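Q: Please take a close look at one part of this model and describe its surroundings in a connected account. Kindly give the cut-offs behind each term as it arises.

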Amino acid sequence: EKDLYILGIESSCDETAASVVKNGTEIISNVVASQIESHKRFGGVVPEIASRHHVEQVTIVLEEALKQANLEPKDLDGVCVTEGPGLVGALLIGINAAKAFAFANNLPLVGVHHIAGHIYANQLMQPMEFPLLALVVSGGHTELVLMKEHGSFELIGETRDDAAGEAYDKVARVLSIPYPGGPHIDRMAHESDGAIKFPRVWLEKDSYDFSFSGLKSAVINYQHNAVQRGEEINPHHIAKGFQDSVVEVLTAKTLRAAREFNVKQVIAAGGVSANKGLRTSLEATFKEEGIPFHVPPLKLCTDNGAMIAAAGSEMYKAGVCSDLSLNGRPGMEL
Ligand code: KG4
Ligand code: ZN
């Protein structure tokens with residue numbers, strides 16, 4: 001059978017990214033232009049600034065991905081692009097670049113769900129085994145997704161308020177840690193010699209949903225009260241206490257779902273799956289449980305084009321195709 005070469009483009013938030021993936025499993029090139037430096041001083045992603053950077057970067061990144069792959073447009077079989085969810089202005093830049101490229105080179109176009117992309121980042125490491133349970137944790141998402149086959153996504157639990165990454169970034173802000181706070185809190189938790197005990201939010205006994213805004217408030221209140229009393233706070237102990245709570249709840253609910261649905265594989269995906277504490281906890285838990293657990297290397301946990309190409313390759317093989325009316329869908333459902 002002929003090899004499949006798919007170009008993947010991602011621009012839903014603050015990374016402009018393009019990649020060529022072979023057969024949905026093998027990275028041939030992977031180029032990511034991060035805008036983090038430009039958003040840092042605002043403490044979060046500023047949509048208008050994101051769009052402007054995407055406009056500047058998208059052609060450069062796309063050409064670089066082809067160059068590093070040593071391929072010409074005619075060698076490709078299709079173009080995949082993040083259709084949603086995300087910032088609408090940011091999405092549209094990637095989508096319009098993908099449309100122009102597909103039209104000019106007479107290639108099929110496939111719109112991909114961003115979270116499907118995060119999940120399929122795992123396929124760049126090892127084959128998927130179904131039924132599969134995915135814990136998706138990013139700046140915008142905290143979801144437990146059950147997959148019985150390629151392209152089928154059953155949402156069994158999700159956050160009712162803040163996403164895990166959002167909670168990390170907000171807690172970081174309270175501790176005057178630069179954006180994005182997740183990696184800093186992770187490092188501080190790792191270095192800490194103690195922990196503040198914060199609550200665990202389990203919701204109803206049988207629920208797979210999550211809630212992190214109460215925990216975030218508990219951290220803010222703790223910090224506020226300490227300052228009012230003129231007490232010294234230890235940011236490392238706060239970071240560790242916060243991370244312990246997040247990791248314990250994420251791990252316990254993932255384990256319970258893995259048992260209930262009798263899955264053959266558990267994977268983690270999204271920016272927060274780069275978290276050392278979470279990775280260690282999930283690895284140990286599923287090793288003991290005897291269920292294979294995988295999480296992609298750090299570079300494939302955060303936003304990139306390869307994950308979009310991987311998910312899009314499966315869609316392409318299944319005959320899914322978009323046309324030039326493809327539009328950004330900021331609130332797109334999985
Ligand atoms: O998937 P991603 O790159 O973008 C979204 O689609 O949201 O995730 C970004 C999020 C940010 O909230 C960031 O703070 C968080 O992932 N993050 C982490 C770590 N690395 C990135 N959170 C906790 N620990 C980390 N090591
Ligand atoms: Zn993402």
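A: F198 is in contact with L215, A218, V219, G241, F242 and S245, its neighbours within four places in sequence being left aside; contact means that two C-beta atoms, placed from the backbone, lie within 7 Å. The model is a predicted one, in which local features need pLDDT of at least 70 and side-chain atom pairs count only at pLDDT 80 or more, whereas totals for chains, interfaces and linings use all residues. Residues are numbered from 1 along each chain as its sequence is written, while chains are lettered from A and ligands numbered from 1 in the order in which they are written.

F198 belongs to the loop between α6 and α7; helices (H or I, at least four residues) and strands (E, at least two) are DSSP runs numbered from the N terminus. With 21 other C-beta atoms within 10 Å, F198 is buried. That label requires 20 or more such atoms, exposed means 12 or fewer, and partly exposed lies in between, with C-beta atoms placed from the backbone. I28 stands 170 residues from F198 in sequence and 44 Å from F198 in space, C-alpha to C-alpha.

K253, in helix α8, is also buried, with 21 other C-beta atoms within 10 Å. Residues up to four places away in sequence not counted, K253 touches L144, G157 and Y208.

The helices α6, α7 and α8 appear again around α5: together with β6 and β7, they are among the elements that cover the buried residues of α5. Helix α5 (residues 164-174) is mostly covered, eight of its 11 residues being buried. These are A164, G165, E166, A167, Y168, D169, V171 and A172. After α5 comes S176, with a positive phi near 55°.

One of these α5 residues, G165, leads to the ligand: G165, S138, G139, G182 and G271 are the closest of the 19 residues that surround ligand 1, a residue being near if its C-beta atom, placed from the backbone, lies within 6 Å. The elements giving two or more residues to this shell are α5 and α6. By class, the shell holds six nonpolar, 10 polar and three charged residues; Ala, Val, Leu, Ile, Met, Phe, Trp, Tyr, Cys and Pro count as nonpolar, Asp, Glu, Lys and Arg as charged, and the others, Gly among them, as polar.

At least three residues of the shell come from each of domain 1 (5-120 + 301-317) and domain 2 (130-295), bounds that come from an automatic or database domain assignment. The C-alpha centres of the two domains lie 27 Å apart. Their contact takes 14 residues from domain 1 and 21 residues from domain 2. On the side of domain 1 that touches domain 2, α1 (36-40), α4 (114-120) and α11 (305-317) each supply at least two residues. The largest share of that side, four residues, comes from α4.

A nonpolar core is a set of buried Ala, Val, Leu, Ile, Met, Phe, Trp, Tyr and Cys residues joined through C-beta atoms within 7 Å. The largest one has 95 residues, of which L7 and A134 touch the most other members. Both domain 1 and domain 2 give residues to this core, so it lies between them.
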